[in-house]
Amino acid sequence: MIRVTRLNGERFALNPDLVERVEGHPDTVVFLVDGTKYVVTESVEEVLVEIREYRASILATAYEMDRGTYRSPVRAADDDGRAAVVPFPAREER
């Protein structure tokens, strides 16, 4: 998800996979594939950078998981304190 700001200052998260196009005339309008439109304070370039960084972070995380070097920034724990997240199997284990 990316964070954008409505004209009234309200921040919200938007799923970038649903973005069809972004236009600036002069307000920036984000069009979703279902026809929904959002007018945001960010420029077209800022929205595109957010989408690019979001997608790059997914690829980087997948790479780390594949190499076995990924460490979740938030660790979930079950009742006895052990990590509840199952590690991604190493390539040799698949």
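Trainee: Let's start with strand 2 in this predicted model. Which residues make up its covered face, and which its uncovered one?

Mentor: Strand 2 covers residues 11–14. F12 and L14 are on the covered face, while R11 and A13 are on the uncovered one. For F12 you can put a value on that: its relative accessibility is 13%, so F12 counts as buried, the cut-off being under 20%.

Trainee: And what does strand 2 pair with, and in which sense?

Mentor: The general idea goes like this: strands of a sheet pair through backbone hydrogen bonds, either parallel or antiparallel. Here, strand 1 (residues 2–5) pairs with strand 2 in the antiparallel sense, over four bridges. To find your way around, take I2, whose bridge partner in strand 2 is L14.

Trainee: How many residues sit between strand 1 and strand 2 in the hairpin?

Mentor: Five residues. Have a look at G9 in that turn: its phi is positive, about 95°.

Trainee: On to the other sheet. What is its strand order?

Mentor: It's an open sheet of three strands, ordered 3-4-5 with antiparallel pairing. Strand 3 (19–25) and strand 5 (37–40) are the edge strands, each pairing on one side only. From one strand to the next, the twist averages 20°.

Trainee: How many bridges join strand 3 to strand 4?

Mentor: Six, with strand 4 being residues 27–32 and the two strands running antiparallel. As a landmark, G24 has T28 as its bridge partner in strand 4.

Trainee: Which strands does helix 1 touch?

Mentor: Helix 1 (residues 44–67) packs on the sheet and touches strand 3, strand 4 and strand 5. Its direction makes about 155° with that of strand 3.

Trainee: Now the rings. How many aromatic pairs does a search of the whole structure find?

Mentor: One. The pair is F12 and Y38, at 5.0 Å centre to centre with 45° between the planes, and it is tilted.

Trainee: Why does that pair tie together parts that are apart in sequence?

Mentor: Because F12 lies in strand 2 and Y38 in strand 5, the pair links parts that are 26 residues apart in sequence. As for Y38, it has 21% relative accessibility, so it counts as partly exposed.

Trainee: What sits over the ring of F12?

Mentor: The charged end of R6, 4.5 Å from the ring centre. There's another arginine to check: R21 lies over the face of F31, at 3.9 Å from the ring centre.

Conventions
Residues are numbered from 1 along each chain as its sequence is written. This is a predicted model: local features need pLDDT of at least 70, side-chain atom pairs count only at pLDDT 80 or more; totals for chains, interfaces and linings use all residues. Side-chain values use heavy atoms; hydrogens and water are left out. Buried means under 20% relative accessible area, exposed over 50%, partly exposed in between (1.4 Å probe, protein chains only). Two strands pair if DSSP finds at least two bridges between them. Axes are lines fitted to C-alpha atoms, for helices over the stretch in contact, and angles run from 0 to 180 degrees between N-to-C directions. Contact means heavy atoms within 4.5 Å. Rings of Phe, Tyr and Trp (its six-membered ring) pair if their centres lie within 6.5 Å; planes under 30 degrees apart count as stacked, over 60 as edge-to-face and the rest as tilted. A charge sits over a ring if NZ of Lys or CZ of Arg is within 6 Å of the ring centre and within 35 degrees of the ring normal.
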